Amino acid sequence: MKASEADILIVPGYKNSGPDHWQSRWQKKLSTARRVEQESWAKPVREEWTATIAEAVNAATRPVVLVAHSLGCAASIQTIAQFERKVAGALFVAPPDVANEKIRPRHLRTFGPYPRDPLPFPSIVVASQNDPFCAYDVAEDIAAAWGSLFMGAGEVGHINEESGFGPWPEGLMVFAKFMGQLKN
């Protein structure tokens, strides 16, 4: 599938993705990409976030591909049962360990625990070996439960703007290859 044949939904995490974040850059670069806007980025409420994501997926006119980061991964996963449209695939980058009692801010835990069932669409989980929001082995275990392809990004922090991920061309190459393998 070509990017032009899909509705690419950018699903940022807690506090949104700033203008130099890789998600924002990809959104500008990919003509069919649009951001799922949340009413409150700083005080996420699971029911509100999942309803907004479901609405965006269900309003799509082409096959949907999710590009989620951090809490956007958790919110997307918790929304799957609300999807009326088929999701063609998803790229989940730096999913947080929402079952970890030490995660801060604490209200992020309201997005957990993750379902452990295989996902009904192809997916990739990309994780860092030193992400402060999720241990590498936890991310690997989550990916295995979901039936996702797991990709380690090395010791690169939270894979966000603060850890040096502005354009992230390597990630875009992975995404392009993934898109090429999806079916309409």
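Analyst: Let's start with what counts as a helix: a DSSP run of H or I with at least four residues, numbered from the N terminus. This is a predicted model, by the way.

User: Okay, so where does A59 sit?

Analyst: A59 belongs to helix α2, which covers residues 46–59.

User: Is A59 buried or exposed?

Analyst: The general idea is a cut-off: under 20% relative accessible area is buried, and over 50% is exposed. A59 has 52% relative accessibility, so it counts as exposed.

User: How far apart are A59 and E84, in sequence and in space?

Analyst: Those are two separate readings. Along the chain, A59 and E84 are 25 residues apart, while their C-alpha atoms are 9.2 Å apart in space.

User: What share of the protein's contacts comes from residues 24 or more positions apart?

Analyst: Counting contacts with a separation of 6 or more, 76% come from residues at least 24 positions apart.

User: Let's step back. In what order do the elements run?

Analyst: Starting at the N terminus, you read β-α-β-α-β-α-β-β-α-β-α. That gives five helices and six strands.

User: Which strand does β3 pair with, and is the pairing parallel or antiparallel?

Analyst: Strand β3, residues 64–69, is joined to β4 by six bridges, and the two run parallel. For a spot to look at, take V65: its bridge partner in β4 is G89.

User: And how many residues of β4 are buried?

Analyst: Seven of the seven, across residues 87–93, so β4 is largely enclosed by the rest of the structure.

User: What about helices? How do I read which side points where?

Analyst: An α-helix has 3.6 residues a turn, so residues three or four places apart point the same way. In helix α1, residues 22–29, the buried residues are W22, Q23, S24 and W26.

User: What do the buried residues of α1 pack against?

Analyst: They pack against four strands and a helix: β1 (7–11), β2 (33–35), β3 and β4, plus α5 (169–181).

User: Why does the overall radius of gyration fit a compact globule?

Analyst: You compare it with what the chain length suggests. For 184 residues a compact globule would come out near 16 Å, and this protein has 15 Å, which agrees. Along the principal axes, the C-alpha atoms fill a box of roughly 40 × 30 × 30 Å.

User: How much of the protein is buried, and what is its accessible surface?

Analyst: Of the 184 residues, 52% count as buried. The accessible surface is about 8700 Å², with 51% of that belonging to carbon and sulfur atoms.

User: Last one: how many charged side chains of each sign are there?

Analyst: There are 19 positive and 20 negative side chains, and the centres of the two sets are 3 Å apart.

Key. Residues numbered from 1 in each chain as written. Predicted model: local features only at pLDDT ≥ 70, side-chain atom pairs only at ≥ 80, totals over all residues. Heavy atoms only, no water. Rg over C-alpha atoms; globule rule 2.2 N^0.38 Å. Buried < 20%, exposed > 50% of the residue type's maximum accessible area, 1.4 Å probe, protein only. Contact = heavy atoms within 4.5 Å. Areas by Shrake-Rupley, 256 points an atom, 1.4 Å probe, with all protein chains shown as cover. Lys, Arg positive; Asp, Glu negative; His and termini not counted. Charge placed at Lys NZ, Arg CZ, Asp CG, Glu CD. Pairing = 2+ DSSP bridges.
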